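Reader: Hey, got a minute to walk through this one with me? I've got the viewer open.

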Amino acid sequence: MKSVLLIGLGRFGMNVADKLNELGHEVMAIDCDEERVDNVLPLVTNAQIGDSTNPDFLETLGVQNYDVCIVAIAHNFQSSLETTSLLKEMGGRLVVARAESEVQKKFLLRNGADEVVYPEAQMARWAAVRYSADHILDYIELDEDHSIFEVSVPKTWAGKTLGELDIRRRYGINILALKRGGRMNMNILPETMLSVGSTMLVLGETRALQRCFNI
């Protein structure tokens, strides 16, 4: 369990709060809007109304005591930038900020953010991959060169074992798990047989995965 300082309770911030609550983390939520603070109370450990660009207010929160500080402020980049900078100056261990463009991302990284999330760009990449091919069910970009795809078992692979296919040597990819009927099987062995109607979680270099599955 981690302690998280979450600043900004728009749509993105509320979704972050919801997921952190589901994962069982302790969350202090901050926003300057009273209604948003009231709405998030069932999801967080505590919440306060306040201006995160005010150094005196931030000091009262004990920024250095949180494992993660997330700046989820939307539609006010100046406030996001000032908040990010102040959090780092006050000893924030890990400061993660939301960006709405590549330019914002660069400024945030230069002004104290340890990491930057760019939800629109990340969602756009996911949607482009997911919906441009019928056999892709999900997609996770690990870095610029590596990804995990959930793909349907190719018909030409059905009825064969992983040992027979020798996928790692032939294609340079790894099968992490098989899914069928909503159930996950992570006990992947050379004698594991593939079948039509199942999907695979495959890991590898993105280009290798694209070549292998004609993505």
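Reader: Let's jump in at K88. Is K88 buried, partly exposed or exposed?
Author: K88 is partly exposed, with a relative accessible area of 29%. Keep in mind that this is a predicted model.

Reader: Fair enough. Which side chain does K88 meet in a salt bridge?
Author: That would be D114, with N to O at 2.7 Å. The two sit in distant parts of the chain, 26 residues apart: K88 belongs to helix α4 (residues 77–89), while D114 is in the loop between α5 (102–110) and β6 (115–117).

Reader: And D114, is that buried or exposed?
Author: In between: D114 has 34% relative accessibility, so it counts as partly exposed.

Reader: How many salt bridges are there in the whole structure?
Author: The search finds 7. One of them joins R98 and E100, whose closest N and O atoms are 2.9 Å apart.

Reader: How do R98 and E100 come out on accessibility?
Author: R98 counts as buried because its relative accessibility is 8%, and the cut-off for buried is under 20%. E100 has 28%, so that one is partly exposed.

Reader: Got another pair for me?
Author: Sure, R36 and D31 also form a salt bridge, with the closest N and O atoms 3.8 Å apart. R36 is partly exposed at 39% relative accessibility, whereas D31 is buried at 7%.

Reader: Where's D31 sitting?
Author: D31 is in strand β2 (residues 26–31).

Reader: What does D31 touch further off in sequence?
Author: Leaving out residues up to four places away, D31 contacts G8, L9, G10, R36, V37, Q48, I49 and G50. With L9 there's a polar detail too: a polar atom of the D31 side chain lies 2.7 Å from the backbone nitrogen of L9.

Reader: OK, switching to the sheet. What's the strand order?
Author: β3-β2-β1-β4-β5-β6, in an open sheet of 6 strands with parallel pairing. The edges are β3 (46–49) and β6, each of which pairs on one side only. From one strand to the next, the twist averages 20°.

Reader: How many bridges join β5 to β6?
Author: There are 3, and the two strands run parallel, with β5 covering residues 95–98. A97 is a handy spot to look at, since you'll find it opposite V116 in β6.

Reader: Which strands does α5 touch when it packs on the sheet?
Author: β5 and β6. The direction of α5 makes about 155° with that of β6.

Reader: Back to α4 for a sec. How far apart are its end C-alpha atoms?
Author: They're 18 Å apart. That agrees with expectation, because 13 residues at 1.5 Å a residue should span 18 Å.

Reader: Which residues of α4 are buried?
Author: S79, S80, L81, T83, T84, L86 and L87.

Reader: What covers them?
Author: The cover includes three strands and two helices you can pick out in the viewer: β1 (3–7), β4 (68–71) and β5, plus α3 (55–59) and α5.

Reader: Last one: what's the phi of G91, after α4?
Author: G91 follows the helix with a positive phi, near 95°.

Conventions. Residues are numbered from 1 along each chain as its sequence is written. This is a predicted model: local features need pLDDT of at least 70, side-chain atom pairs count only at pLDDT 80 or more; totals for chains, interfaces and linings use all residues. Side-chain values use heavy atoms; hydrogens and water are left out. A salt bridge is a side-chain nitrogen of Lys or Arg within 4 Å of a carboxyl oxygen of Asp or Glu. Buried means under 20% relative accessible area, exposed over 50%, partly exposed in between (1.4 Å probe, protein chains only). Helices (H or I, at least four residues) and strands (E, at least two) are DSSP runs, numbered from the N terminus. A polar contact is a pair of N or O atoms within 3.5 Å; within protein, one must be able to donate a hydrogen and the other to accept it, and residues adjacent in sequence count only if both atoms are side-chain atoms. Contact means heavy atoms within 4.5 Å. Two strands pair if DSSP finds at least two bridges between them. Axes are lines fitted to C-alpha atoms, for helices over the stretch in contact, and angles run from 0 to 180 degrees between N-to-C directions. The expected span of a helix is 1.5 Å times one less than its number of residues.
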